[in-house]
Structure formats: structure tokens, C-alpha cells
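Please open the structure in the viewer and keep the selection tool at hand. The tour below proceeds by selection, stop by stop.

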Amino acid sequence: MRENDALTYYATGDDDLLPIVLDALATARRPTDPLDPDDLAALDEFHGRGRSATVALVRLAGLREGERVLDVGAGIGGPTRTLARHFGAAAVGLEPTDRFRALAAELNRRSGLADRIELVAGRAEQLPFDDGSFDLVLNQALWPSVADKPALLAEAHRVLAPGGRLAVFEIVVGPEPGPLGFPLPWGDGPAESHLVSAAEGRALAEAAGFQAETWLTGLEALTATLDPAEAGDPLLAEGVAGVDLGLLMPDHEARMAALGENIGGRRIELLLGVLRRSPAA
Ligand SMILES: C[S@@+](CC[C@H](N)C(=O)[O-])C[C@H]1O[C@@H](n2cnc3c(N)ncnc32)[C@H](O)[C@@H]1O
């Protein structure tokens, strides 16, 4: 297994994703420059439950205006746009793949958010930031791609200010572990899939110096991410027909179906957690 297999999965595909997104917006007769970030809502939050999950997660983490947030594995930048627009956060998106970072930068510019979101190249295992740089670190749909969880968690801990929080919304090994059905949204096979159980993830996080404040798995985690949507939260948007994750993953529906089957078989489950870094420096 090559160390980089999981990352290669995301790095492979159309290098220039912008025309694909702009064509889809134009087909839907939506503006492209400037564009309305709400039109991207079904595309740019690259994890289960979309923007509803991001909103639920950062509310549970108590995100306040002006706080410095790092989104590790930022994809094409949907969560960072949500945090900058709706929570007044100073957001940084760390994304290793050139093609996702390039698309995120242009979507930020066309959304009028380029001056409120910084994009940085790098990897979760070795963050290019000084100690104590952030108040909140986000991990969403990142863990399956990162084999070295101790390094991921140690780096999140290092870049957080004392008392800062790590908010995670991830897929973990479920109560009835077994071979997974692929392809999944994060990979084509086991070489690209590095799952831990919720208990293992918590033990690793505690070993890195975190204390869990919120720790929800399975149905409880799902229910928490549904809350904003069910409450008709004004921060949510439906997006636009044809401007969805199928643009990034043409076989998206098959991958989502396999995800649902693995969750139904309890081989994997959702984890939603908020962990606090110790207050001492
Ligand atoms: C499913 S996407 C999630 C994107 C974003 N967090 C979101 O929820 O919209 C996973 C992202 O993690 C990135 N990634 C994969 N391996 C990584 C690593 N070792 N360090 C940082 N990011 C990584 C991928 O390039 C991809 O953009």
C-alpha cells in the first residue's frame, strides 16, 4: 500500500473543475460571477448531511464571531464559506490537492469572500501553522483518508490555542465491524480507507491531550446533524438542481448507496464530537 493512496484518490480527476461548476450553474440559469454561495449548497459541503452538519457541529462547538478556525482537508471550501459568511469566523482552509484548492479559491472570489478566507496547501499530519494559531479546528470527512491519526490529532492539538476546540464529524468503524462494500465516497478500496472505531478515536484524542465535551455516535450523531434542517434553519439552503456532488464524483450515487448499505449493516457509523484542548499552554 502506498502511503499516499487515500490522497491520490482525491487528487485524481479533472484538473480544472471550474468550468464544470460554471457550466452547471449556467445550465440552471444561475449567476456565475458574482455567484450566490447558496447555489453551491448541494455541492460544496463534501460530507454527509451537507451544510446542516457543519452548522450543527460548529454550534455545538460554540463558535463565536471573530474566532480563528482551521478546516483541515477543506475540499472545495463549502464549510469555510459557511463559517465566514454566517458565523463571522476568520477561516483558513488547508487542502492538499491543487485541483480542489484552485476551485475553492475561485469560488471564494466569486462569492465575495476571498478576503475573509485563507487557503493553504498542506497535510493534516504536518500542519504549516505556528503553535496556538486557532480557536477551533474542524475535521469533517477527513479521518478515513488519514492513516496516521496520532499525527493528525497531535497537530490539531499543537495549532490550537489553550482551551481551543477540535470539532469532528466523521465516519468510524461501527458496532458490527466487517469487510466494507466499496466504492465509498472516500475511496475505491481498502487501501484508501483508514477507519478507527469511535472508542479508538477518543482514546487517541485523549492521548494527544484532548478532553471530549460532546461525543455522539450512530443515530445520536445523525439526529444532531438533522437538527438545523428540521428546524428550518435560515442558514441552510437547498442548492440548485444539477449543481451537486455528482460534478466532483460522477459515480456519486453508487458511492452513497454503498455508504448507506455499510451504515445499515452497522459496519460503519457516524461520529460527531467536540473535544477541548487543555487550558494550559
Ligand atoms: C470528503 S472531502 C471533505 C472536504 C471538507 N472537509 C468538507 O467537508 O466539505 C476530504 C478532503 O480531505 C482531503 N485530504 C485527504 N487526505 C488529507 C490529508 N492527509 N491531509 C489533509 N487533507 C486531506 C482531500 O483532499 C479532500 O479534500
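Which helices each supply at least two residues of the lining of the second largest pocket? Select α1 (5–11) and α5 (98–110): each of these supplies at least two residues of that lining. Please bear in mind throughout that the model is predicted.

**First stop: the second largest pocket**

With the two helices displayed, add Tyr9, Thr12, Arg99, Leu248 and Met249, which lie nearest the centre of the second largest pocket. The lining as a whole comprises 18 residues. Colouring them by class gives 11 nonpolar, 2 polar and 5 charged residues. The volume of the second largest pocket is about 240 Å³. As background to such a search, a probe the size of a water molecule is rolled over the atoms, and this shows where empty space is left.

**Second stop: the ligand and its shell**

Next, select the ligand and expand the selection to the residues around it, of which there are 22. The closest are Phe46, His47, Gly73, Glu95 and Ala124. By class, this shell holds 11 nonpolar, 6 polar and 5 charged residues.

Now display the backbone atoms of three residues in turn. At Phe46, a backbone N or O atom lies 2.8 Å from an oxygen atom of the ligand. At Gly73, a backbone N or O atom is 2.7 Å from a ligand nitrogen atom. At Gly75, a polar backbone atom is 3.4 Å from an oxygen atom of the ligand. On its own the ligand has 600 Å² of accessible area, and the protein covers 99% of this.

**Third stop: the loop between α2 and α3**

Move to the loop between α2 (18–27) and α3 (50–60) and select Asp38, which lies in this loop. Asp38 forms a salt bridge with Arg51, and their closest N and O atoms are 2.9 Å apart. Arg51 belongs to helix α3, so the pair ties together parts that are 13 residues apart in sequence. In the whole structure, 20 salt bridges are found.

Two backbone features of this loop merit inspection. Pro34 lies here, and the peptide bond from Asp33 to Pro34 is cis, with omega near 0°. Arg49 is also found in the loop between α2 and α3. Its phi is near 70°, a positive value in a residue other than glycine.

**Final stop: the loop between β5 and α7**

Where should one look for Pro183? Select the loop between β5 (160–173) and α7 (198–207), where Pro183 has its place. Display Phe182 as well: a cis peptide bond joins Phe182 and Pro183, and omega is about 5°.

Note on methods
Residues are numbered from 1 along each chain as its sequence is written. This is a predicted model: local features need pLDDT of at least 70, side-chain atom pairs count only at pLDDT 80 or more; totals for chains, interfaces and linings use all residues. Side-chain values use heavy atoms; hydrogens and water are left out. A residue is near a molecule or strand if one of its heavy atoms lies within 4 Å of it. A polar contact is a pair of N or O atoms within 3.5 Å; within protein, one must be able to donate a hydrogen and the other to accept it, and residues adjacent in sequence count only if both atoms are side-chain atoms. Accessible areas come from the Shrake-Rupley method with a 1.4 Å probe; for residues, only the protein chains shown count as cover. Ala, Val, Leu, Ile, Met, Phe, Trp, Tyr, Cys and Pro count as nonpolar, Asp, Glu, Lys and Arg as charged, and the others, Gly among them, as polar. On a 1 Å grid over the protein atoms alone, a cavity is a set of points where a 1.4 Å probe fits but cannot get out, and a pocket is an open set with protein on both sides within 12 Å along at least five of seven lines; lining residues have an atom within 4 Å of a point. Grid points are joined across faces, edges and corners, and a volume is the space filled by probe spheres set on the points. Helices (H or I, at least four residues) and strands (E, at least two) are DSSP runs, numbered from the N terminus. A salt bridge is a side-chain nitrogen of Lys or Arg within 4 Å of a carboxyl oxygen of Asp or Glu.
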